[in-house]
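Grab a coffee and open the structure in your viewer. Below are some exercises, each with a solution worked through in steps.

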Amino acid sequence: MSVTAATLSPRLVKLTPRTGIEVRRTLPHRDVRMIGAWCFVDHYGPLSGEVNGEAGMSIAAHPHTGLQTVTWLLEGKVEHRDSIGSVQEINPGELNLMTAGRGIAHSEMSLVDSHSSSVMHGVQLWIALPDAARQMTPTFEHHGDLPRFNFQGAEIRLLMGDFEGHRSTATLFSPLIGAEISLPAGTTIDIPTRPDFEYGLLILEGDDVTVNGEGVARGSLRYLATGGLPVSLASARGARVLLIGGEPFPEEILMWWNFIGRSQEEIIAMREQWQSSLLTGSESYPAFADSLGARIPAPEMPNIRLEPRGPQR
Ligand code: MN
């Protein structure tokens, strides 16, 4: 299916059966599977207080392969720990970027203390790694000083890539952009686009956002195909929008649970590698301490062939 523009409504997905927290998932979507290398978009909150007896959002240790995870908060505070020894607190306006390569395990725990809001609001995104990078040694980056600038009256925080002469130092493996746009009330901006990029605009906050004159509800993702289409973004009452984009990803990928591979056999092997590290850790997924304890086991593989996703054109 080939579309030039589409509004993708979110699906509600329970993140873990245990916590019961629901996220709004806009990618992958039936009509648009990826936007550049961006292949997964979850938006959660704002939610406050306890959910099923637990404060905020806490996810015990689980693995990733073949992708980068992007953690971006609008409110709240999260501690990241992983199997290469990283321990990193993240606050709103900062970027956690984990490059899983051939495999990394991590846990994420909400921190609720007197210095931070008890409200959780954020996004979790995945970026598929191209074949040349997907077996690399895992790395973790924290960016606390991202480029931040005014553009036509809006405030831009550049997570990844280039925008109007500014550049994020976050590590990319394919041409892409990620930016948060804060629109004060009554602002309209014209976003410069690259003809070789496709784009998505996720409405994080605001109930009257228009993209090229068309209303887009909070939580929805407006998709724009390649071709350098103009993008006019406006809000009378003020909004925050996440802009993602990139060159259409040229490879077919297989996404299953927290893994990205290229074949069913590969995914099965990735699953086995994680399952054999559940109790004591392994060379692939060394043990690390956190207050959440046990590692999350992989679900059973379905008895069907996994469906590849990738170039939708
Ligand atoms: Mn994760």
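Let's start in the middle of a sheet: β19 and strand β26 (residues 239–246) are antiparallel partners, joined by 8 bridges. Keep in mind that this is a predicted model.

**Exercise 1. Find which residue of β26 is the bridge partner of Ile 181, then work out how β19 is covered on its two faces.**

Step 1. Look across to β26: the bridge partner of Ile 181 there is Val 241.

Step 2. Now check the other pairing. β16 and β19 run antiparallel and are joined by 5 bridges. Arg 157 stands opposite Glu 180 in β19.

Step 3. Go through strand β19 (residues 176–183) for burial. The cut-off you need is under 20% relative accessible area. By that test, 8 of its 8 residues are buried.

Step 4. Sort them by side. In general, side chains in a regular strand alternate between the two faces of the sheet. Here one side has Leu 176, Gly 178, Glu 180 and Ser 182, while the other has Ile 177, Ala 179, Ile 181 and Leu 183. They are all buried, so both faces of β19 are covered.

**Exercise 2. Lay out the order of the open sheet of 7 strands and say which strands stand at the edges.**

Step 1. Write down the order: β1-β24-β21-β26-β19-β16-β15, with antiparallel pairing.

Step 2. Pick out the ends. β1 (5–8) and β15 (148–151) each have a single partner strand, so one side of each has no neighbour in the sheet.

Step 3. Get the twist. Ignoring direction, neighbouring strands of this sheet are turned by 25° against each other on average.

Step 4. Zoom in on one edge. β15 pairs with strand β16 (residues 154–160) in the antiparallel sense over 4 bridges. Asn 150 has Glu 155 in β16 as its bridge partner.

**Exercise 3. Do the same for the open sheet of 4 strands.**

Step 1. The order is β7-β12-β9-β10, again with antiparallel pairing.

Step 2. The edge strands are β7 and β10 (87–90); each has a single partner strand, so one side of each is left without a neighbour in the sheet.

Step 3. The average turn between neighbouring strands of this sheet, direction ignored, is 20°.

Step 4. Follow β7 to its partner: β7 and β12 pair in the antiparallel sense over 5 bridges. Within that pair, Ile 59 stands opposite Glu 108 in β12.

**Exercise 4. Name the residues that coordinate the manganese ion, and decide whether His 62 and His 64 are buried or exposed.**

Step 1. The ligands are His 62, His 64 and His 106, each through NE2, at 2.1 to 2.2 Å.

Step 2. Read off their spacing in sequence: H-x1-H-x41-H.

Step 3. Check accessibility. His 62 has 6% relative accessibility, so it counts as buried. His 64 is buried too, with a relative accessible area of 2%.

**Exercise 5. Test whether the length of helix α1 agrees with its residue count, then find where its buried residues fall.**

Step 1. Helix α1 (residues 264–275) has 12 residues, and at 1.5 Å a residue they should span 16 Å. The end C-alpha atoms are 16 Å apart, which agrees.

Step 2. List the buried residues of α1: Gln 264, Ile 267, Met 270, Arg 271 and Trp 274.

Step 3. Look down the axis of α1. The buried residues fall within an arc of 120°, so they line one face of the helix.

Step 4. See what covers them: β7 (58–64), β12 (104–110), β27 (254–256) and β28 (259–261) are included.

**Exercise 6. Work out where Leu 73 and Leu 129 lie, and what they are in contact with.**

Step 1. Leu 73 lies in strand β8 (residues 67–75). Its relative accessible area is 1%, so Leu 73 is buried.

Step 2. Leaving aside neighbours within four places in sequence, the contacts of Leu 73 include Tyr 44, Ile 90, Met 120 and His 121. Leu 73 and His 121 are 48 residues apart in sequence, with 6.0 Å between their C-alpha atoms.

Step 3. Leu 129 lies in the loop between β13 (119–128) and β14 (139–143). At 0% relative accessibility, Leu 129 counts as buried.

Step 4. With neighbours within four places again left aside, Leu 129 is in contact with residues including Gly 66, Phe 173, Phe 249 and Arg 262. Glu 79 is 50 residues from Leu 129 along the chain, and their C-alpha atoms are separated by 24 Å.

Terms used: Residues numbered from 1 in each chain as written. Predicted model: local features only at pLDDT ≥ 70, side-chain atom pairs only at ≥ 80, totals over all residues. Heavy atoms only, no water. Donors = N, O, S within 2.8 Å, 3.2 Å for Na, K, Ca; no water. Buried < 20%, exposed > 50% of the residue type's maximum accessible area, 1.4 Å probe, protein only. Expected span 1.5 Å × (residues − 1). Arc of directions from axis to C-beta. Contact = heavy atoms within 4.5 Å. Pairing = 2+ DSSP bridges. Axes fitted to C-alpha atoms, helices over the stretch in contact; angles between N-to-C directions.
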